[in-house]
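The exercises below are to be worked with the sequence and the model at hand. Each one gives a task and then a solution in steps.

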Amino acid sequence: MAIKAQHEALFDDKIAADISIEAKDWMPDAYRQNLIRQIGQHAHSEVIGMLPEANWLTRAPTLRRKAVLLAKVQDEAGHGLYLYSAAETLGCSRQDIYQKMLDGKMKYSSIFNYPTLNWADVGVIGWLVDGAAIVNQVALCRASYGPYARAMVKICKEESFHQRQGYEAVMALANGSSAQRAMLQDAINRFWWPVLMMFGPSDSDSPHSAQSMAWKIKRHSNDELRQKFVDNTVPQLEALGMSAPDTDLRWDEATGHYRFGDIDWNELFQVIKGQGQCNHERLAAKRHAWQQGDWVREGAMAHAAKGNQAA
Ligand code: FAQ
């Protein structure tokens, strides 16, 4: 057997036997490129995802809420760093993929292109956005690429804390004044559908899913995970005494799942294409931060070079 065919056979055997693929293992180039694409997009989502909540850091209602929010936003930066490191193990350069994101050539999650208009949005992001991220990411803890799967284990632990802090914050509003309840319902109404879109296009419209599932990068399809999220979340909505902006949402005894209305896929594709409410603002903020941080990078590199000379 030719060497390449031997490599391919070993790779296929490992995938079939659920043995992790590690950084130094042979892997098909398409598998490597697909992972760089997904992990890179995931890393960018974490760092862009800091912006909507950071918008409320200076306006948190109490010192306790502010300290918790600061810690959460900082955790998201950490998640970005683990994921950029995981992507680098595949041979890409962090600076290159970051630049592609700044240039609009690499994607990040659609959800972060929606504005945070009131304090309830911060609780709803923790509860629903982190809640959706966990449903997606728990499955990724078993992704076939070892460095990605291991990064996801640590990230999921922290995301669970984020989800609970979000639910605790929305519980306070749900038990508050009628103005607080109205503010919470407004935030749910604006975030509900965009959160369902986080799981990606429907399976029939998802070009990467079949191959990613065959490679066991994705363990569940976009629609399966979306359904799981809805099933998890509707009882929480009911416990809060709140509702989703979906008149078709109902329990289906026959399937044991909640049925929900049609998603506006046109909206998702517009946001992905860069035409969401905040796409321009988010990228402008990151480009500005990158330029402002130039002197820090220069100093750090000079320091590192000096350390290398001394060694
Ligand atoms: N937004 O064929 P598929 C978080 C793109 S982390 C933008 O289905 P795939 C934590 C997709 O990239 C949230 N683009 O693709 C947090 C592809 O484009 P391409 C991020 C989207 O990869 C909380 C094209 O459409 N999580 O929230 C979206 O098999 C709070 C075709 O789609 C992850 O990234 C979208 N919603 O499945 C942080 C999880 N959906 O590359 C701060 C890891 C699809 O061909 C605060 N990623 N696209 O140009 C995944 O699980 C997958 O990549 C999916 C998409 C499920 C997102």
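**Exercise 1. The ligand and its surroundings**

Find the polar contacts that S110, M198 and N222 make with the ligand, and say how much of the ligand the protein covers.

Solution. The model is a predicted one.

Step 1. Start at S110, where a backbone N or O atom is 2.8 Å from a nitrogen atom of the ligand.

Step 2. Go on to M198: a polar backbone atom of this residue is 3.4 Å from a nitrogen atom of the ligand.

Step 3. At N222 the side chain takes part, with a polar atom 2.9 Å from an oxygen atom of the ligand.

Step 4. On its own, the ligand has 1,100 Å² of accessible area, and the protein covers 92% of this.

Step 5. For the wider shell, take the residues with a heavy atom within 4 Å of the ligand. There are 34 residues around the ligand, and Q41, K107, S206, H208 and K218 are the closest.

Step 6. Assign the shell to secondary structure: at least two of its residues come from each of helix 2, helix 4 (63-88), helix 6 (119-140) and helix 7 (146-174).

**Exercise 2. Helix 1**

Check the length of helix 1 (residues 3-16) against the expected span, then decide which side of helix 1 its buried residues occupy.

Solution.

Step 1. Helix 1 has 14 residues, and at 1.5 Å a residue the expected span is 20 Å. The C-alpha atoms at its ends are 20 Å apart, so the two values agree.

Step 2. List the buried residues of helix 1, namely F11, K14 and I15. Because the arc that they cover around the axis is only 100°, they lie on the same side of helix 1.

Step 3. Look at the other side of helix 1, where D13 and A16 are exposed.

Step 4. Identify the cover over the buried residues of helix 1; it includes helix 2 (29-48) and helix 9 (209-214).

**Exercise 3. Positive phi angles**

Where in the chain do D18 and K216 lie, and what sign does phi have at D18 and at K216?

Solution.

Step 1. D18 follows just after helix 1, in the loop that leads to helix 2. Its phi is positive, about 60°, although D18 is not a glycine.

Step 2. Classify the exposure of D18. The relative accessible area of D18 is 49%, so the residue is partly exposed; the class exposed needs over 50%.

Step 3. K216 is placed in the loop between helix 9 and helix 10 (222-240). K216 is not a glycine, yet it has a positive phi of about 60°.

**Exercise 4. Two residues to classify**

Are S109 and Y167 buried or exposed, and which residues do S109 and Y167 touch?

Solution.

Step 1. The cut-off for buried is under 20% relative accessible area. S109 has 12% and is therefore buried; Y167, at 17%, also counts as buried.

Step 2. Place the two residues. S109 is in the loop between helix 5 (94-102) and helix 6, whereas Y167 is in helix 7.

Step 3. Leave out residues up to four places away in sequence. S109 then touches S45 and M198, and Y167 touches W127, Q236, A239 and L240.

Step 4. Take one of these contacts further: Y167 and Q236 are 69 residues apart along the chain, and their C-alpha atoms are separated by 8.8 Å.

How values were computed: Residues are numbered from 1 along each chain as its sequence is written. This is a predicted model: local features need pLDDT of at least 70, side-chain atom pairs count only at pLDDT 80 or more; totals for chains, interfaces and linings use all residues. Side-chain values use heavy atoms; hydrogens and water are left out. Helices (H or I, at least four residues) and strands (E, at least two) are DSSP runs, numbered from the N terminus. The expected span of a helix is 1.5 Å times one less than its number of residues. Buried means under 20% relative accessible area, exposed over 50%, partly exposed in between (1.4 Å probe, protein chains only). The arc is that of the directions from the helix axis to the C-beta atoms. Contact means heavy atoms within 4.5 Å. A polar contact is a pair of N or O atoms within 3.5 Å; within protein, one must be able to donate a hydrogen and the other to accept it, and residues adjacent in sequence count only if both atoms are side-chain atoms. Accessible areas come from the Shrake-Rupley method with a 1.4 Å probe; for residues, only the protein chains shown count as cover.
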